[in-house]
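Here are my notes on the model you sent over, written as numbered points. Have the viewer open while you go through them.

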Amino acid sequence: MANLVSLSRILLLLPVVWLMYLPPTAWQFVGFFLIIVIFLTDILDGHLARQTNTASQFGAMFDITADRIVEITLWIVAADIDLVPVWVPLVFVFRGIIVDTIRGEASHTEGVAPFAVMRSEWGKRLVAGRFMRGFYATIKACAFSGLVAIAPLSHTWPGAWEEAGWIWIWLTYVSVYLAVVLCLLRGLPVIVEFAARARSNA
């Protein structure tokens, strides 16, 4: 059941991408709400797995894969329609490939879930801690929903947008760049611990 919820995130992503490429219209607000649903399902799948005692290594990896598909697709589309600079999706692509490769290998070798491979206390708090994971997901949800809503807001209420749209823009791009910082910050412990394991095994 939890894996189906993870899959639903990918399926919900498709109409969001389609809506982002439409000319400005009030219908694009649907994308705003779909993004919120997508990120809520990210909470739901882990909760379901724990409640039904069906948590598995595959489920944890599939959850991460669904997250990567969603976030990288949305960053790339946002860059393609000139909402963010191209280096933003590149940061997430490069960091995602490096970190997920390291975690996937360690998870397979140790037979544990990907977030359970962290050994240092600061690594556990920054990467695997429930608060930090929730905070990072919230910031990304704010960034994506904010970006998706720019076109319909400015089109539907041009007068109000001219007066107060800067507030929405400011909050959205604070979320975008905070997401970039957190992305790099949360990847650092994974790389540091990997380098330490490599040295000890050499």
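**Notes on the model**

1. Let's start with L40, which has its place in helix α2, the helix covering residues 29-51. Keep in mind that this is a predicted model. L40 counts as exposed because its relative accessibility is 51%, and the cut-off for that label is over 50%. In sequence, L40 and A141 are 101 residues apart, but in space their C-alpha atoms are separated by 9.3 Å. Try showing that pair in your viewer.

2. Now the overall picture. How many helices and strands are there in the chain? The count is 7 helices and 0 strands, so if you read along the sequence you get the pattern α-α-α-α-α-α-α. The chain has 202 residues, and 45% of them count as buried.

3. A word on contacts and surface. Take the contacts between residues at least 6 apart in sequence: 75% of these join residues at least 24 apart. As for the outside, the chain exposes about 10900 Å², and carbon and sulfur atoms supply 72% of that area.

4. On to helix packing, with α3 (residues 57-80) and α6 (residues 130-156). Their axes come within 11 Å and cross at roughly 35°. Which hand does the crossing of α3 and α6 have, left or right? The crossing is left-handed. On the α3 side, the contact is made by E71, L74, W75 and A78, while α6 brings in Y136, K140, A143, F144 and L147. Sorted by class, this contact of α3 with α6 has 7 nonpolar and 2 charged residues, with no polar ones.

5. Helix α6 also packs against α5. Here the angle is about 35°, and the axes are 5 Å apart. From α5, the residues are R125, L126, V127 and A128; they meet R130, M132 and R133 in α6. The residues of the contact of α5 with α6 divide into 4 nonpolar and 3 charged, again with no polar ones.

6. Stay with α6 and look at I139, which is found in that helix. Is I139 buried or exposed? I139 counts as buried, because its relative accessibility is 9% and the cut-off is under 20%. Leaving aside neighbours within four places in sequence, I139 is in contact with S175, L178, A179 and L182. There is also T172 to consider: it is 33 residues away from I139 along the chain, and the two C-alpha atoms are separated by 9.4 Å.

7. L153 is another α6 residue worth a click. At 15% relative accessibility, L153 counts as buried too. Which residues does L153 contact, leaving aside its neighbours within four places in sequence? They are F29, P158, W161 and W168. For W168, the C-alpha to C-alpha distance to L153 is 9.5 Å, with the two positions 15 residues apart in sequence numbering.

8. Next, a loop residue with some polar company: S120 is found between α4 (87-110) and α5 (121-128). S120 counts as buried because its relative accessibility is 17%, where the cut-off is under 20%. What does the side chain of S120 reach at 3.0 Å? That partner is the backbone nitrogen of G123. The side chains of S120 and W122 are also joined, by a polar contact of 3.1 Å.

9. Last, a backbone point about D82, which lies in the loop between α3 and α4. Its phi is near 65°, a positive value in a residue other than glycine. Is D82 buried or exposed? D82 is exposed, since its relative accessible area is 68%. So there is a contrast with S120 to look at in the viewer: both sit in loops, yet S120 counts as buried whereas D82 is exposed because 68% is over the 50% cut-off.

Definitions and conventions. Residues are numbered from 1 along each chain as its sequence is written. This is a predicted model: local features need pLDDT of at least 70, side-chain atom pairs count only at pLDDT 80 or more; totals for chains, interfaces and linings use all residues. Side-chain values use heavy atoms; hydrogens and water are left out. Axes are lines fitted to C-alpha atoms, for helices over the stretch in contact, and angles run from 0 to 180 degrees between N-to-C directions. Helices (H or I, at least four residues) and strands (E, at least two) are DSSP runs, numbered from the N terminus. A crossing is left-handed if the near helix is turned anticlockwise from the far one by less than a right angle, and right-handed if clockwise. Contact means heavy atoms within 4.5 Å. Ala, Val, Leu, Ile, Met, Phe, Trp, Tyr, Cys and Pro count as nonpolar, Asp, Glu, Lys and Arg as charged, and the others, Gly among them, as polar. Buried means under 20% relative accessible area, exposed over 50%, partly exposed in between (1.4 Å probe, protein chains only). A polar contact is a pair of N or O atoms within 3.5 Å; within protein, one must be able to donate a hydrogen and the other to accept it, and residues adjacent in sequence count only if both atoms are side-chain atoms. Accessible areas come from the Shrake-Rupley method with a 1.4 Å probe; for residues, only the protein chains shown count as cover.
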